[in-house]
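Reader: Could you take me through the salt bridges in this one, slowly and with the cut-offs spelled out?

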Amino acid sequence: MTDVGTPPQAIDAIPLRHPWRWVAAVAIVVLVGLFLYGAATNAAYGWSTYREYLFNERIMLGVFNTLQLTVYSMVIGIVLGVVLTIMRLSSNPVLGAVSWVFLWIFRGTPVYVQLAFWGLFPTIYQNLRLGVPFGPSLFEFDLQALSIPFALAIIGLALNEAAYMAEIIRAGITSVPEGQMEASTALGMSWGMAMRRTVLPQAMRVIIPPTGNEVISLLKTTSLVTAVPYSFDLYSIATREIAARTFEPVPLLLVAATWYLVITSILMVGQFYLERYFSRGASRKLTTKQLEALALAQQPPAG
């Protein structure tokens with residue numbers, strides 16, 4: 001019988017051999033090597049054109065515009081998502097219904113269709129008038145005289161993103177036990193202070209991962225702004241402007257893909273550090289004392 005105070009003996013574990021893992025690894029390396037060799041020697045890829053346009057001024061302008069579309073749309077989408085979340089969690093049935101209808105429309109229709117609608121907005125509403133209902137007009141805007149495809153692209157992307165961010169934020173807030181809010185209120189915190197100091201720090205562990213995925217997805221969705229039409233993003237410049245002039249679409253597609261991968265990789269690194277920052281104190285690894293207590297609890301009682 002092992003004494004209660006005696007630490008458990010170490011287990012001499014012998015790892016199993018997995019020879020087929022090495023066979024699979026070698027096969028994958030061979031296949032990847034053959035693909036890379038074929039791509040490097042295939043003239044259809046146009047590697048000389050790829051190197052020529054990788055840092056071209058027009059390409060860099062497209063990268064800059066794509067980043068602007070992503071950042072502006074994401075910031076607006078997060079702000080609107082917070083507002084929609086508050087409306088959705090509100091006890092006011094009118095606010096809840098408005099939020100639900102917004103999510104239903106923008107999550108239920110393709111983003112390309114939404115962008116095409118915003119592109120036709122100046123045609124549908126040629127003049128916007130602000131004034132007294134059934135009375136005189138104070139201001140009047142001729143939308144067809146304005147060149148606003150960039151602004152319309154941001155509006156279209158932001159409204160679509162707000163619908164998804166609202167659900168992400170709502171899921172993060174509802175993942176925090178209600179007792180946390182009740183305890184904060186019992187300590188004298190206001191609703192806003194309790195949300196800021198108690199609920200949101202815990203909810204961010206749930207919010208950050210899908211939000212990072214949404215940022216990356218939004219970056220790639222900017223290639224659809226041609227529906228507005230806006231033709232100064234990375235994809236449009238690479239494929240519709242330069243490739244149409246050089247008649248070499250493959251290397252220009254590779255140029256666009258390279259820059260998308262570079263930006264996406266940077267965003268993934270930032271997401272990793274954000275997740276690690278907000279996961280402080282939530283480690284899944286047991287401490288030494290916890291392991292000893294678990295081992296002692298599993299031992300049969302003495303006598």
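Author: Sure, accessibility terms up front: buried is under 20% relative accessible area, exposed is over 50%, and partly exposed is in between (1.4 Å probe, protein chains only). On that scale R170 is partly exposed, at 24%. This is a predicted model, where local features need pLDDT of at least 70 and side-chain atom pairs count only at pLDDT 80 or more, while totals for chains, interfaces and linings use all residues. Residues are numbered from 1 along each chain as its sequence is written, and side-chain values use heavy atoms, with hydrogens and water left out.

A salt bridge here means a side-chain nitrogen of Lys or Arg within 4 Å of a carboxyl oxygen of Asp or Glu, and the count by that rule is four.

Back to R170: its side chain meets that of E167 in a salt bridge, 3.0 Å from N to O. The two sit about one helical turn apart, because they are three residues apart in helix α7. (Helices are DSSP runs of H or I with at least four residues, numbered from the N terminus.) E167 is buried, at 17%, and it also bridges to R107, with the closest N and O atoms 3.6 Å apart. That pair links distant parts of the chain, 60 residues apart: R107 is in helix α4 (residues 93-108) and E167 in helix α7 (residues 149-174). R107 is partly exposed, at 42%.

Then there's R58 with E241, a salt bridge at 2.9 Å, N to O. This one also links distant parts of the chain, from helix α3 (residues 57-89) to helix α10 (residues 234-246), 183 residues apart. R58 is partly exposed at 29%, and E241 is partly exposed at 26%.
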